[in-house]
Amino acid sequence: MNMEPINLKKLASLLHLSISTVSKALRDSHEISADTKKRVMDLARELNYEPNPYAGSLRKFKSKTIAVVVPDIINNFFIFAIKGIQETAHAKGYHVLIYITNENPEYEKDVVRHMTNGRVDGVVISLTSPIDDTEHLMHLQEKGVPVVFFDRVAEGFDSTIITTNNYESAYNGTRYLIEQGCRRIAHCQVSDKISIGIDRLNGYKKALEDAGIEVRPEWILTSKKDSAHDATLIENALLQKNAPDGLFTSVETHALITYDICRKHKIDMPGKLKLLSFSNMPTAHLLKPSLSTITQPAFEIGQAAVQQLILALEKPARYIPEKVNMDSVLIERESTGK
């Protein structure tokens, strides 16, 4: 018999099940079949798997503090999401600690590892990019610290996920540019490794395919989280001989870079280039030309995330992890010819 400590990830791998399924089976969830529960429990006993005795609702000490982990606050989306989290948490008597990872996966791991010492009761997190493993998050779950993901999420966890309809928003945004007369549409993505980047890219591609427009790999621009690199990437695309007549950016920072490039090279917007961006920037209407945006319900996402976390903390018997998908809104302004 193997006497070495074993975690949820290893248990799930040996059983060829998701971590979420194993976690639910160990909690005797009604969502898991009796046969699967038996398989999980039998192997857990065989391998001496011992959940933390203070996990979940059995944790005796409550700090009344929630941690919020975000990749940056340059993006207005995260500013509004944090406001939603703070207001809701404060109304429920919770303090909020905010951690900004600055897109550094190692710092995120280090921060999360220190959250098992009882300093916080639960965590609301939007993942950094790229993130190659989620061992640190699994460790939190094993220690009974509930986690709620928002915007940039991890699959396979027994946790609530709050996000927006990224695929549909990107599809509709690209289709809108096509309806405005664009046929050469470039897409600037925040990452090709995280869920929102993948979903938005797929929505963009599908809209082009449905319109009979070729998907050109050289017009899929992937950010490196370096403003100088991203500016060069966008500039090179817009100055080529057969340049894009439409640009769809995943974050507002890339839209602002595009404004600078257009001014520098006297590219007429929206005459020569139509620009659409995911953005929660409150000054979008003040830009010249005003920026057309796909605006996410960031404040409401923050509210929903912390409400779910508090439910998991205060009423664990009623808490069922779920996927919540909120709609974004396309706001037409001058940058797309409105």
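Helices (H or I, at least four residues) and strands (E, at least two) are taken here as DSSP runs, numbered from the N terminus. The model is a predicted one, in which local features need pLDDT of at least 70 and side-chain atom pairs count only at pLDDT 80 or more, whereas totals for chains, interfaces and linings use all residues. Residues are numbered from 1 along each chain as its sequence is written, and side-chain values use heavy atoms, with hydrogens and water left out.

Confidence is expressed as pLDDT, the predictor's value for each residue from 0 to 100; its average over the protein is 89, and 93% of the residues score at least 70. Residues 53-60 stay under 50, and for them the model has 15 contacts beyond four places in sequence, a contact being heavy atoms within 4.5 Å.

As to the overall fold, the protein has eleven helices and twelve strands, and its C-alpha atoms fill a box of roughly 70 × 40 × 30 Å along the principal axes. The radius of gyration is 22 Å, which agrees with the value near 20 Å that a compact globule of 338 residues would have, where the radius is taken over C-alpha atoms and the globule rule is 2.2 Å times the number of residues to the power 0.38. Of the 338 residues, 54% count as buried, that is, under 20% relative accessible area with a 1.4 Å probe and protein chains only. Among contacts with a separation of 6 or more, 72% join residues 24 or more positions apart.

The empty space is described on a 1 Å grid over the protein atoms alone, where a cavity is a set of points that a 1.4 Å probe fits but cannot leave, a pocket is an open set with protein on both sides within 12 Å along at least five of seven lines, and lining residues have an atom within 4 Å of a point. The second largest pocket holds about 370 Å³, a volume being the space filled by probe spheres set on the points, which are joined across faces, edges and corners. Its lining has 19 residues, with Asp-72, Ile-74, Glu-103, Lys-225 and Thr-253 nearest the centre. Helix H9 (227-239) and helix H10 (252-264) each supply at least two residues of this lining, and H10 gives the most, with four.

One cavity of 30 Å³ or more is found in the whole structure. The largest cavity, of about 90 Å³, is lined by 13 residues, including Asn-75, Arg-200 and Gln-296.

Key:
Buried < 20%, exposed > 50% of the residue type's maximum accessible area, 1.4 Å probe, protein only.
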